[in-house]
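User: I'd like to learn how to read a model like this one, feature by feature. Could we start with the charged side chains?

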Amino acid sequence: MSRDDALRAKWVGRFAALPAPARDALRGALLDLRAEALDRAEYCWRKHKAPMAAYWKAVGVYAGHMARSLR
């Protein structure tokens, strides 16, 4: 088993151990964070603040990945 597979199995197990309402609430919060972060990234990009736009874009992507792992 590769290190990535071991890490994935560890976190899948931890997320699966959460009660369904807690998983749903966490997923909802992460999706809200994703939407807000992507809005901020767009705002920063329009204001010519590329480093902050990249930061917020990364936050949005990571939050989206985490939310998908809770499905």
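Analyst: Sure. A salt bridge here is a side-chain nitrogen of Lys or Arg within 4 Å of a carboxyl oxygen of Asp or Glu. Side chains of opposite charge can pair when their charged atoms come close. Keep in mind that this is a predicted model.

User: How many salt bridges does a search of the whole structure find?

Analyst: Three. Arginine 8 pairs with aspartate 5, and their closest N and O atoms are 3.2 Å apart. Glutamate 36 meets arginine 40 at 3.1 Å, N to O. Then there's arginine 46 with glutamate 42, where the closest N and O atoms are 3.8 Å apart.

User: Where do arginine 8 and aspartate 5 lie?

Analyst: Both sit in helix H1, residues 3-17, and they are three residues apart, about one turn of the helix. In helix H2, glutamate 36 and arginine 40 are four residues apart, again about one turn. Arginine 46 and glutamate 42 are also in H2, with a spacing of four residues, about one turn.

User: Now accessibility. Why does arginine 8 count as exposed?

Analyst: The cut-offs do the work: buried is under 20% relative accessible area, exposed is over 50%, and partly exposed is in between. Arginine 8 comes in at 51%, so it counts as exposed. Its partner aspartate 5 is at 37%, so that one is partly exposed.

User: And the salt-bridge residues in H2?

Analyst: Glutamate 36 has 42% relative accessibility and counts as partly exposed. Arginine 40, at 38%, is partly exposed as well. For the other pair, arginine 46 is exposed at 53%, while glutamate 42 is partly exposed at 42%.

User: Let's go to the inside. Which residues make up the largest nonpolar core?

Analyst: Think of a core as buried nonpolar residues joined through side-chain atoms within 4.5 Å. The largest one here has six residues: Ala37, Ala41, Cys44, Ala53, Trp56 and Val59. The elements giving two or more residues to this core are H2 (20-46) and H3 (50-69). There's also a second, separate core of five residues, among them Phe15, Leu30, Ala63 and Leu70.

User: Can you zoom in on one core member? Which residues is cysteine 44 in contact with, leaving aside its neighbours within four places in sequence?

Analyst: With that filter on, cysteine 44 touches Lys49, Met52, Ala53 and Trp56. Ala53 and Trp56 are also on the list for the largest core.

User: Which residues of H2 are buried?

Analyst: Leu30, Ala37, Ala41 and Cys44. The buried residues of H2 pack against H3.

User: How do I check the length of a helix like H2?

Analyst: Use the rise of 1.5 Å a residue. By that rule the 27 residues of H2 should span 39 Å, and the end C-alpha atoms are 39 Å apart, which agrees.

User: What comes after H2, and what about its phi?

Analyst: Start with the background: most residues other than glycine have a negative phi. H2 is followed by histidine 48, which has a positive phi, near 65°. That's the case even though histidine 48 is not a glycine. This residue lies in the loop between H2 and H3. At 74% relative accessible area, histidine 48 is exposed.

User: Stepping back, how many helices and strands does the protein chain have?

Analyst: Three helices and zero strands, so to speak a plain α-α-α when read along the sequence. The radius of gyration is 15 Å, well over the 11 Å that the globule rule gives for 71 residues, so the chain is more spread out than a compact globule. Its C-alpha atoms fill a box of roughly 45 × 30 × 10 Å along the principal axes. Of the 71 residues, 18% count as buried.

User: What share of the contacts with a separation of 6 or more comes from residues 24 or more positions apart?

Analyst: They account for 52% of those contacts in the protein chain.

User: Last one: where is confidence lowest, and where is it highest?

Analyst: Look at the mean pLDDT. Confidence is lowest in H1, with a mean of 86, and highest in H2, at 97. For the protein chain the mean is 93, and 100% of its residues reach 70 or more.

Key. Residues numbered from 1 in each chain as written. Predicted model: local features only at pLDDT ≥ 70, side-chain atom pairs only at ≥ 80, totals over all residues. Heavy atoms only, no water. Buried < 20%, exposed > 50% of the residue type's maximum accessible area, 1.4 Å probe, protein only. Contact = heavy atoms within 4.5 Å. Expected span 1.5 Å × (residues − 1). pLDDT = per-residue confidence, 0-100. Rg over C-alpha atoms; globule rule 2.2 N^0.38 Å.
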